[in-house]
Amino acid sequence: MSMTAPLSTLIIRGRLRTASWAWAAIARARPGDPIASAAASVRVLEITRDHPGVSYWTANPESFPAEIEAVRRKNQDYAPPDADPEKSLISALGNMPNLCSFVWWRENAPSKADALWAAVRRCKYLRSLRVLDQTSHVGPPSDCNLTSMLTSSEFLQIGSLEQLEISTYQIYDSLDHKERIRGLESLIELNAASLKSLHIRFAMRDAAVDISNFLNTAHLPHLTCLSFVRARSTASSLSRFLNAHPTLTNLVLSPALGLESWRSFQLSPESLPHLQTLHAVPWQAAVILRAAPPTRPLWCLTGVDVHPTVSEDAHLHIDEDDLPPLKHGERAPWRAAFLAALAETGARRTMTHLGLNIHPGVDGLAELALAAPGVRWLDAGGTRDPQQPGIDAIAVALRRFDRIEALHGGIAFGIPHFEPSGEESVELEVEVAVVRMALGVPTLRIVEGWGWVLTIERREDGAVKVGKVRQEMEEWLLQAPSGIDMPGEALARAAVRRFGGPALPGPAASATVFEN
């Protein structure tokens with residue numbers, strides 16, 4: 001019988017070195033001390049990047065319970081300058097018995113890996129693990145460790161996990177890193193009975209890691225959320241895995257999964273009956289859509305496009321050499337099948353959010369509206385058309401949808417680029433363009449760009465004006481699991497709207513990309 005931890009949801013978020021005072025304070029705390037009581041209530045511990053971006057810290061500053069923060073305010077010397085912060089952190093973990101979630105999102109791997117992961121293993125309520133498996137040469141040489149976490153025996157024995165996310169720079173070739181791949185597979189197998197969410201990202205830009213063996217053998221009976229980044233496989237292994245996991249509700253597929261024999265990819269009828277969000281390239285999406293039962297609740301589809309030719313850079317995010325027998329610029333053979341699958345399955349009725357890797361042009365928008373008229377939120381990627389269509393032509397195509405309410409990617413829809421500097425009125429050129437689009441699309445109420453949102457206000461007499469610009473710190477990216485950052489910005493942006501539901505496009509107050 002599983003034990004239940006206290007309901008407290010205290011979070012500690014800090015960098016390893018700058019928060020060394022906190023680790024030392026917790027490590028030295030004795031039963032009955034306010035610090036010990038606070039540490040015992042901590043449910044989430046995040047060790048973050050040593051050199052985070054400004055926007056990250058705006059939304060995710062270091063955070064400590066008040067009892068522990070008081071140590072810093074009183075300038076108590078818990079951590080002398082020459083203290084070993086990692087050693088203090090390992091000791092501090094012993095005073096966090098109710099920890100449920102541990103995050104190591106730091107550029108450098110732990111130098112005391114086995115000791116750290118042994119301490120994490122002793123947290124009996126631990127259910128969520130997110131790690132960045134990377135070695136950075138930023139900082140002192142002694143802080144660098146070239147050993148992957150996936151070779152640590154203690155790390156590979158962490159069990160009872162419900163959520164596992166690994167972003168690794170230490171696996172980028174299936175032949176040269178067999179031991180690390182076996183380690184990853186063994187960790188997943190150890191947690192197979194409990195895993196609900198699995199996100200694996202092979203982070204090197206040129207990575208193409210074959211996971212066919214894993215897809216052929218793995219069985220995760222409770223899995224609902226899955227993402228793979230820069231992975232590849234045979235079509236048959238991908239088919240086998242998806243057919244064997246009907247519990248999936250949220251799915252992100254690397255473009256190279258099944259690519260070399262993409263025509264042979266198929267699924268059993270009425271597979272993936274609970275799927276709600278899907279990020280896939282068109283040929284993958286066409287098969288998955290075709291195999292849907294009538295009641296599948298799919299509402300968000302991203303990663304697709306209806307461009308008539310193949311593009312390995314903007315579309316598949318892989319090298320041309322990985323496209324046999326297709327070549328860049330060749331006619332996309334899956335386009336018609338994808339549009340037909342979209343139009344002839346239940347997705348036509350249920351799908352409200354659509355994210356495109358490439359702007360489809362006016363004709364492509366019209367075809368999408370015919371195939372999926374219920375789309376309310378449309379995210380367009382970059383355009384490959386040097387002759388960008390005008391706003392009026394785009395508006396005519398958008399009116400073919402039943403009720404388009406929100407557009408993301410303003411410049412892709414003819415809205416001039418701008419960078420807001422706070423709560424202010426937009427530039428006149430931008431306001432004129434948005435008003436023109438709003439007059440042409442009577443249902444439109446939100447236009448979004450990179451880091452900004454414009455609301456459209458309509459009066460009873462039909463007049464339209466643009467509300468104040470609202471600046472966002474790319475909430476969709478800050479809240480996304482790292483496994484989402486490369487393949488699907490559109491998926492992440494769509495998914496932070498989960499609390500609004502598939503019928504209500506527009507930013508939600510808070511959410512996670514994969515909310516169970």
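**Exercise 1.** In this predicted model, decide whether Trp262 is buried or exposed, and do likewise for Trp334.

*Solution.* The relative accessible area of Trp262 is 11%, and a residue counts as buried when that value is under 20%, so Trp262 is buried. For Trp334 the relative accessibility is 3%, and this residue therefore counts as buried too.

**Exercise 2.** Work out how the rings of Trp262 and Trp334 are arranged, and which parts of the chain their pair ties together.

*Solution.* Begin with the geometry: the ring centres are 5.2 Å apart and the planes stand at 80 degrees. Since an angle over 60 counts as edge-to-face, the pair of Trp262 and Trp334 is edge-to-face. Next, locate the residues: Trp262 belongs to the loop between strands E10 and E11, while Trp334 belongs to the loop between strand E12 and helix H11, so the pair ties together parts that lie 72 residues apart in sequence. Finally, look around the pair, where ring pairs link Trp262 and Trp334 with Phe265 and Trp283 into a cluster.

**Exercise 3.** Describe the surroundings of strand E4 (residues 128-133), starting from its burial.

*Solution.* Five of the six residues of E4 are buried, so the strand is largely enclosed by the rest of the structure. Strand E3 (residues 101-104) pairs with E4 in the parallel sense over four bridges, and the chain passes from E3 through helix H6 to E4 in a right-handed β-α-β crossover. Strand E5 (residues 163-168) also runs parallel to E4, joined to it by six bridges, with Val131 opposite Ile166. As for Arg130, its bridge partner is Val103, and its charged end sits over the ring of Trp105, 4.9 Å from the centre.

Key. Residues numbered from 1 in each chain as written. Predicted model: local features only at pLDDT ≥ 70, side-chain atom pairs only at ≥ 80, totals over all residues. Heavy atoms only, no water. Buried < 20%, exposed > 50% of the residue type's maximum accessible area, 1.4 Å probe, protein only. Helix = DSSP H or I, 4+ residues; strand = E, 2+ residues; numbered from the N terminus. Pairing = 2+ DSSP bridges. Right-handed = clockwise from strand over helix to strand, strands pointing away. Phe/Tyr/Trp six-rings, centres within 6.5 Å; stacked < 30°, edge-to-face > 60°. Lys NZ or Arg CZ within 6 Å of the ring centre and 35° of its normal.
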